[in-house]
Amino acid sequence: MLRFEQVSKRYEGGHEALRDLSFHLPKRSLAFLTGHSGAGKSTLLKLIMRMERPSQGRVLVGGIDLDRLPQRSIPFYRRNIGVVFQNHRLLFDRTLFDNVALPLVIAGASRHEIGRRVRAALDKVGLLDKERMNPIQLSGGEQQRAGIARAVVSRPPLLLADEPTGNLDPDLSAEIMALFSAFSQAGVTVLIASHDTALIDAMDKPVFELHEGRLINDPFDDGDAAPP
Amino acid sequence: MSAKMARGQNSARRQPPGWRDRLRGYVLQHRSHCRDSLRRLLAEPMATLMIWSMVGIALALPSGLYLLLDNLKQVSEGWSEGSRRITLYLKIEQSDEMARLLGERLGRDAEIAAVKVIGREAALLEFRQRSKLDDVIDALGSNPLPPLLLITPRADSGGIEPLRALARRLATLPEVEQAQVDTEWLARLLALIELGQRAVLALTLLLAVAVLLIVATTLRLTITNRRREIEVIKLVGGTAAFIRRPFLYTGLWYGLGGGMAALLLTGALLLWLRAPVQELAALYQSSFTPVGLGMHGTTILLLGSALLGVAGAWIAAERQLRSIEPD
């Protein structure tokens, strides 16, 4: 599903965020991406989102070489990726329903389709009764779950999460993780960037560990991760 | 799977939507953007009214001037059509009888519709009545006026040129001292109006640019204020067209509202001028009533202002949206 081939990312000014990174993430798996802050987790996610381009190497997602993806195709590519942000990035000028509906509206779904899918997504995260509320009225955990609903509403094959439990207490964090597990069992590939080691240990899932831009632990390293 | 991803159909579990559904989705997007942008404008009535007034004033100035010149042109054209005449001043030694004979001869001319002969005595009488210079005329002793022929040409339209040509021809007759086209001054006025209209066109272009800049500047701010939203839309796969569209609709509403304000302003100007213009027209035995922009002018004004709004929004959106990238 996701393959990095000798990827390096050097920012202007000389900071090297990722160094010679090669790994692959199989379809339908759930894996963690961990490391200290500044280890390159965010950069890695940005490369997958095509918000940044690697200085060297290739990033392949679903068989697509992102470097060859023309600019005008980027929006359509991104519709296949659900993203959960640490700060949820909900919009406070519209209802919860309209927030979750946004990816479907963008994709040009019909009104009927939008209503059906938004309610299904809200139901999954347990916020069905709050669809008319403004997200600002929700608690922190509810806002995070709303962000997840928005990320999965268009049923993307790949789900990325950047510190999804960063601001939550352990009980709420476990709840969120259970949601991600459920999606992965439903066939979605999930990659969660987190430095919440207690939580990661409890989940017993594959863990990629980054240290100063290098991969120091690759759970799927079976020898053919990257051609030389 | 990969080919499907590239096209944006993200799951094999899903039936690809038919063209009807996609069209319906597209229309839904437009309708919601159109309505949402108007709702946002009306949520800030003072700011919106101010922009509408700015655009309205900028557009009312050229359309008001255009209206004034258009009316002036219509009045003067009416005058010139109604009084196309050539006055022939005969040489002083010509008698009334000779004038009558010349009048009969010219009456048969193909280009001349009618000839009126004014004898020397009749001319003097009219001059006395008009000028009230009785004493001066009496002091002269003899009648200083030649006989006149008032020529009405057959061609009753076609501008001043055929009239001038006829006058030049008549001036070559041996009996004639001078041939004068009575509407010469009107031709000059019309030429001046023509010049004025060109000036108004130039002014219109300048103010159109001003409207473009007003809308673009306002939208630049609007776009900056909605940065968060734009970032999220970019992240969840909104195309540039999708992101731009609400702002284009905002520009459309700015333009249309400004156009309507301009219509109101020119309408008020017309109303204000109506009574004095009619009074003035009555002094000239005319029942002239000033005309407004009409269907044609109104359509052009509204269409033009809407277009300017959208164009201004486009300029702002093109410049701004590129610079906003999620981080």
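In this predicted model, helix α10 of chain B is followed by Q285(B), whose phi is positive, near 55°. Helix α10(B) itself has 44 residues. From its first C-alpha to its last, α10(B) reaches 63 Å, close to the 64 Å expected at 1.5 Å a residue. A kink of about 40° nevertheless lies in α10(B), at R274(B). The proline P276(B) comes shortly after that kink.

Two packed helices are described by the angle between their axes and the distance between the axes. Helix α10(B), residues 240-283, packs with helix α11(B), residues 294-323, at an angle of about 145°. The axes of α10(B) and α11(B) are 7 Å apart, and α10(B) passes α11(B) in a right-handed crossing. The residues of this contact divide into 19 nonpolar, nine polar and one charged.

Both chains are divided into domains, as the table shows.

| Chain | Domain 1 | Domain 2 | Source |
|---|---|---|---|
| Chain A | residues 1-80 + 156-228 | residues 92-155 | domain assignment |
| Chain B | residues 28-79 + 188-323 | residues 85-182 | domain assignment |

How far apart are the C-alpha centres of domain 1 and domain 2 of chain B? They lie 54 Å apart. In chain A, 24 Å separate the centres of domain 1 and domain 2, taken over C-alpha atoms. The contact between these two domains of chain A takes 10 residues from domain 1 and 11 residues from domain 2. On the side of domain 1 of chain A that touches domain 2 of chain A, the largest share comes from helix α6(A), residues 170-185, with four residues. The residues of that side of domain 1 of chain A divide into eight nonpolar, one polar and one charged.

The two chains also touch each other. Their contact takes 27 residues from chain B and 26 residues from chain A. On the side of chain B that touches chain A, at least two residues each are supplied by α1 (2-7), α2 (19-43) and α9 (227-235) of chain B. The largest share of that side, seven residues, comes from α2(B). How do the residues of the side of chain B that touches chain A divide by type? There are 11 nonpolar, nine polar and seven charged residues on that side of chain B.

Technical notes: Residues are numbered from 1 along each chain as its sequence is written. Chains are lettered from A and ligands numbered from 1 in the order in which they are written. This is a predicted model: local features need pLDDT of at least 70, side-chain atom pairs count only at pLDDT 80 or more; totals for chains, interfaces and linings use all residues. Axes are lines fitted to C-alpha atoms, for helices over the stretch in contact, and angles run from 0 to 180 degrees between N-to-C directions. A crossing is left-handed if the near helix is turned anticlockwise from the far one by less than a right angle, and right-handed if clockwise. Ala, Val, Leu, Ile, Met, Phe, Trp, Tyr, Cys and Pro count as nonpolar, Asp, Glu, Lys and Arg as charged, and the others, Gly among them, as polar. The expected span of a helix is 1.5 Å times one less than its number of residues. The bend at a residue is the angle between axes fitted to the seven residues ending there and the seven starting there. Domain bounds come from an automatic or database domain assignment. Two residues are in contact if their C-beta atoms, placed from the backbone, lie within 7 Å.
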